[in-house]
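Trainee: I'd like a close look at one part of this model, the packing of its secondary structure. Can you walk me through it slowly?

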Amino acid sequence: MCILILLCRLPKWKVIVPRVKKSSSSELPLDRILIGDSIAVLKSLPTHSVDAVFADPPYNLQLGGDLRRPDHSEVDAVDDDWDKFADFATYDAFTRDWLREAKRVLKPDGCLWVIGSYHNIFRVGSILQDLGYWINNDIIWVKSNPMPNFRGARFTNAHETLIWASPSKGAKVCFNYQAMKSLNDDKQMRSDWQMPICSGKERLRKEDGDKVHPTQKPEELLYRILLATTNPGDVIVDPFFGSGTTGAVAKKLGRHFIGIEREKAYATYAEKRIAAAVTSPDNEFLFTPTPRDEPRVPFGILLERGLLKPGVTLFDASGKRHQAKIIADANLAAVLPLTQEKVRGSIHKVGALVQGLPACNGWTFWHFKSGSAFAPIDILRQRIRAETVS
């Protein structure tokens, strides 16, 4: 008598949490505000050393005269010396210089974010393209509470434009798609972001009640940017640091920052703000797992566990157009609807063949009958993952 003993070795899994990256260069002045000219300080940083640059450069608003409300009170507008340039040529030269240095310090797969208004963003966009940057997206920040147009001479300026760019075409830029989808109630994040301008307790003010910085950006805006295009441990340079929004949000999200600011008064307020920011004590909660991070579950394990059985029919989501039979070896057998050809293969291959497509995610395409409804086989995979990591 021959006794055949089958030993089914099922894989053991554990939750994989990506490690926080450390800077590859000990020369970087991490988590510091450097006082000085933005271009000069950028030149002091090593080449290809940082993961991202967020820039809120001078807008060159070219304001003339005081701006007053209907009650004759003066509007606290941007009229500081740092926003004044002799002419467009001077502003363009300044823009070209800082963008060139930003490109040099960025890693090949790093990214640049720059924000501006209609006064400057089109000039900035043209120059960065001339320098070889590749634009991934433009984002429209729609302000839910914009400042009114007090003179009634034009439309209320209710938005600003952000450009998200890579150092070159083809760069493998970081984009945390799943994090953005989760942030947006499991829907794809669009390129129009509705957020209020910085106000209330978040707005930094001096002892006399005046704003510390006229163009302080809301933390909500930087939160989305850093969550979307950087990872914990990444280094973000802000060459126009101002009131320190980038640094405060970077600290909260477990990123490093390098702030560059020429005005010591701004830097003093920014340092206090960043010191009060709190980082999550557990790096695990700074990541959004993606399907690639989850443990691999072969389709065959569903058969071995008895969750599905050979001979069971799988359907498309509608339960009407496509179907296939499960084979004991975890392949599927189906008949092509147009040619009536019999085919056999993996859940992915057969899913693609019956649809006439080059590829298919079989986990989400194929459904099994659950009562009177159809459920994707992926929920069975998730059940196994939950059992093995709990």
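Mentor: Let's start with a helix pair. The axes of α2 and helix α3 (residues 121-130) come within 10 Å and cross at roughly 50°. An axis here is a line fitted to C-alpha atoms, for helices over the stretch in contact, and angles run from 0 to 180 degrees between N-to-C directions. The crossing angle makes α2 oblique to α3: under 35 degrees would count as roughly parallel, over 145 as roughly antiparallel, 65 to 115 as roughly perpendicular, and the rest is oblique. Helices (H or I, at least four residues) and strands (E, at least two) are DSSP runs, numbered from the N terminus.

Before going on, keep in mind that this is a predicted model: local features need pLDDT of at least 70, side-chain atom pairs count only at pLDDT 80 or more, and totals for chains, interfaces and linings use all residues. Residues are numbered from 1 along each chain as its sequence is written, and side-chain values use heavy atoms, with hydrogens and water left out.

Back to our pair: the α2/α3 crossing is right-handed, that is, the near helix is turned clockwise from the far one by less than a right angle, with anticlockwise being left-handed. On the α2 side, Phe-88, Tyr-91, Asp-92, Thr-95, Arg-96 and Leu-99 meet Arg-123, Val-124, Ile-127 and Leu-128 of α3, where contact means heavy atoms within 4.5 Å. Sorted by type, these residues come out as six nonpolar, one polar and three charged. In that sorting, Ala, Val, Leu, Ile, Met, Phe, Trp, Tyr, Cys and Pro are nonpolar, Asp, Glu, Lys and Arg are charged, and the others, Gly among them, are polar.

Now for another pair. Helix α5 (residues 219-229) packs against helix α6 (residues 245-252) at about 55°, with the axes 9 Å apart. That angle makes α5 oblique to α6, and the crossing is right-handed. Glu-219, Leu-222, Tyr-223 and Leu-226 of α5 touch Thr-245, Thr-246, Ala-248, Val-249, Ala-250 and Lys-252 of α6. The split in this contact is six nonpolar, two polar and two charged.

What do these helices sit on? There's an open sheet of eight strands, ordered β1-β8-β7-β2-β3-β5-β4-β6, with mixed pairing; strands pair if DSSP finds at least two bridges between them. β1 (32-35) and β6 (192-195) are the edge strands, each pairing on one side only. On average, neighbouring strands are turned by 20° against each other, direction ignored. α5 packs on this sheet, touching β2, β3, β4 (134-143), β5 (159-166), β6 and β7 (235-238), and its direction makes about 145° with that of β6. α6 lies across β2, β7 and β8 (256-261), running at about 170° to β8.

Inside the sheet, β2 (residues 50-55) and β3 (residues 106-116) pair in the parallel sense over five bridges, with Val-114 as the bridge partner of Ala-55. β4 and β5 run antiparallel, joined by eight bridges, and Ile-140 stands opposite Thr-161 in β5. β4 and β6 pair in the parallel sense over four bridges; there, Trp-141 stands opposite Trp-193 in β6.

One last link: Asp-56 and Lys-217 meet through their side chains in a salt bridge at 2.8 Å, N to O (the cut-off is a side-chain nitrogen of Lys or Arg within 4 Å of a carboxyl oxygen of Asp or Glu). Asp-56 is in the loop between β2 and α2 (88-105), while Lys-217, 161 residues apart from it, is in the loop between β6 and α5.
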